[in-house]
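Colleague: I am new to this structure and would like to go through it in short questions. Please show it first.

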Protein chains: 2
Amino acid sequence: MSGKVGSIRDVAKETGLSIATVSRVVNGAKNVTPKTRDRVMDACKKLDYLPNPAAKALSTRKTKTVAAIIPTIEHSVFAKFISALEQSLEDGGYSLVLAISHADEEDELKAARKLLGMGAEAFILSGDAHSPELLDLFKRRNVPFIVTSVWNPTRDYPSIGYNNFMLAANAVKFIASKGHRDIAVLHGPLLMNDRTRMRREGALSLQSDRLELTFVESSLDVAGGKKAIREVLEHNGKITAALCFSDVLALGVYMGLKGTGRKIPKDLSVMGFDNIDWAEAVEPPLTTIELPDRKIAAEVASQIIALLEYGRPIGSVELFGKIIERNSVSDVTV
Amino acid sequence: MSGKVGSIRDVAKETGLSIATVSRVVNGAKNVTPKTRDRVMDACKKLDYLPNPAAKALSTRKTKTVAAIIPTIEHSVFAKFISALEQSLEDGGYSLVLAISHADEEDELKAARKLLGMGAEAFILSGDAHSPELLDLFKRRNVPFIVTSVWNPTRDYPSIGYNNFMLAANAVKFIASKGHRDIAVLHGPLLMNDRTRMRREGALSLQSDRLELTFVESSLDVAGGKKAIREVLEHNGKITAALCFSDVLALGVYMGLKGTGRKIPKDLSVMGFDNIDWAEAVEPPLTTIELPDRKIAAEVASQIIALLEYGRPIGSVELFGKIIERNSVSDVTV
DNA sequence: ATTCAAATTGTAACCGGTTACATTTATGAA
DNA sequence: TTCATAAATGTAACCGGTTACAATTTGAAT
């Protein structure tokens, strides 16, 4: 399709200079006369010259491209993360290429092969469950990668994220501190989602004879939360609070209560996870945990760039969530 | 970083064959002896060989990469679109590279330059407002592109999407058919968003002495819808229905009504746009317009591939929205 | 066994950049 | 003016694939 596009030799011919000189000015080398620089720049403009990326990548062996593989882009947490990542990478002169794994290790592996085949220089993975084959592939080819969303210092590769176990434990503690003794914990699918699993374990670690936790798994959407809260309330009338491992589930709880006569937070306290953009606008405003997704993205980008540009090794870093207290969880009314 | 990776000449050496033959088997040419094929494949596996994409792109002048520039990824409509696009392109052997324009023509132009510099062979743009410089750049370099989300057969470049003017007009007609005469129309920022502008005009075209439309602009999020509905209801008590050009605004309306004593749909009918995944789960279930975003993505992908592979020219295509009637708009109670 | 076309494999040029090294030009001190 | 040195520019090899064309092998027919 694309018609003839000017090459560096065309520019050289146009200016009467050599391709080496053209290359120098295009790459901003300092040792060129201002006069020649201008001459070349004019010719570039005139010929509409853009360096051929393939040629450049071939001779420098650098594509300035990093890959991210995420389970889905259709959840705002990931969308926000990707958006921030793209921004940070861009600022550092790198491009982001994206693939979706659908939370499937096989798909992730296939995506990684493809992205490698596109020249990705480093990888950003999500979560803590990856096929051994993928890890092996990275090791054999010496491809740097970071795992995000989770923080797990026990692995031999770097992870940047939060401690899901702690986050959930802290949320439970917060609710318990309001006097709640019977708490429903709503979460999305456990299968292939170690983030959710870690949160569940964190909550579970606080279970005791003074604190009864009822776990309900549902699809990770509003309909799931709605269905889940209705079911659990029907079977267990003592529950006074619902902890949702995702704000969309919390919205489901809001909707599930409509028409039941129960009010939030008088009859049921609800707490979310993520601090999604509408968490404050909902009625009553949702108490939730703000996750530092943009910060993770920035940290990931800066570490990857530091590695790729200066060989500085990547270290794991833990980032912390913050409870945003609004009006959806109240002291238990005796 | 990456350690030595095998090149095609290494594989040739390993097998004792020539690089041409290796290239043939790697690319699945038919005229190779099965025996040689196996020999090469084994060596590839053994040496962990992956063809260098830059070299391949350089000699074939094909990157198998298409670019999409979208205003934001943080709205589910775009996220869904991108997800579907990635899928369809992938199935056709192409990769998607993504950039975010923040609904800014300058950013869009910059992104396009960068993506061109990454070797994108075709572009997918969103909406109908683009800098002339960008259009000119594409024309000069003969880069194929499609505009999506909108359908506008008057332009000299192809667009695949829906007719926003008609969509909004139909929505207004639908609400009016239930007997409503005073309708609030809530929409996001008009600035830099021709989709919203076209919808507004479509609604406006139905304004008459029998049909009073009150337009309210707000930020495109739940908080915006909430604030907007409260304001408009305060100033105009006759309003019996709210048409929201986005489901998130509709959710804002739901929230805005809480505590005011007004009920949906008894006191206020509300209709959305998008049929977002939770539209059905909300209480009462939201009547809205389903937009064929996945279908657009599939259509866009298949046309782009047909062009890139077989030179088949791209044609504009109009896709239609569909009103999904649930329980949030009712006949006006006199 | 010989011949010849068809099938397989090899050789080498080319894609469009970068860069080490060689060459030319500019600068300034003697 | 002359020469030493530094700065600017040029030459050509190289990155790792693809592919036209040449060379070789295979196999069927005579």
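Colleague: Which atom of DNA strand C is 2.5 Å from an N or O atom in the side chain of A:Arg9?

Modeller: This is a predicted model, in which local features need pLDDT of at least 70, side-chain atom pairs count only at pLDDT 80 or more, and totals for chains, interfaces and linings use all residues. Residues are numbered from 1 along each chain as its sequence is written, chains are lettered from A and ligands numbered from 1 in the order in which they are written, and side-chain values use heavy atoms, without hydrogens and water. A polar contact is a pair of N or O atoms within 3.5 Å; within protein, one must be able to donate a hydrogen and the other to accept it, and residues adjacent in sequence count only if both atoms are side-chain atoms. For A:Arg9, the partner at 2.5 Å is a base nitrogen of DNA strand C.

Colleague: Which helix gives the largest share of the surface near DNA strand C?

Modeller: Helices (H or I, at least four residues) and strands (E, at least two) are DSSP runs, numbered from the N terminus. Two or more residues each come from helix 1 (8-15), helix 2 (19-26) and helix 4 (53-60) of chain A, and from helix 2 (19-26) and helix 4 (53-60) of chain B. The largest share, five residues, comes from helix 4 of chain A.

Colleague: How many residues surround DNA strand C?

Modeller: A residue is near a strand if one of its heavy atoms lies within 4 Å of it. The closest are A:Ile8, A:Arg9, A:Ser23, B:Arg24 and B:Arg61. Sugar and phosphate account for 58% of the strand C atoms that come within 4 Å of the protein. The number of surrounding residues is 31.

Colleague: What does a polar side-chain atom of B:Arg9 lie 2.5 Å from?

Modeller: B:Arg9 is among the closest residues to DNA strand D, as are A:Ser18 and A:Arg24. The side chain of A:Arg24 has an N or O atom 2.6 Å from a base oxygen of this strand. For B:Arg9, the atom at 2.5 Å is a base nitrogen of DNA strand D.

Colleague: Which helix gives the most to the surface near DNA strand D?

Modeller: At least two residues each are supplied by helix 2 and helix 4 of chain A and by helix 1 (8-15), helix 2 and helix 4 of chain B. The most, five residues, come from helix 4 of chain B.

Colleague: Which residues touch the most other members of the largest nonpolar core?

Modeller: A nonpolar core is a set of buried Ala, Val, Leu, Ile, Met, Phe, Trp, Tyr and Cys residues joined through side-chain atoms within 4.5 Å. Buried means under 20% relative accessible area, exposed over 50%, and partly exposed in between (1.4 Å probe, protein chains only). Of the 104 residues in the largest core, those touching the most other members are A:Leu85 and B:Leu85.

Colleague: Is B:Val232 buried or exposed?

Modeller: B:Val232 is found in helix 10 (residues 222-235) of chain B. Leaving aside neighbours within four places in sequence, B:Val232 is in contact (heavy atoms within 4.5 Å) with B:Ala184, B:Thr214, B:Val216 and B:Ile239. Its relative accessible area is 7%, so B:Val232 is buried.

Colleague: How far apart are the centres of domain 1 and domain 2 of chain A?

Modeller: Chain A is divided into domain 1 (8-60), domain 2 (65-163 + 294-321) and domain 3 (164-290), with bounds from an automatic or database domain assignment. Taken over C-alpha atoms, the centres of domain 1 and domain 2 of chain A are separated by 34 Å.
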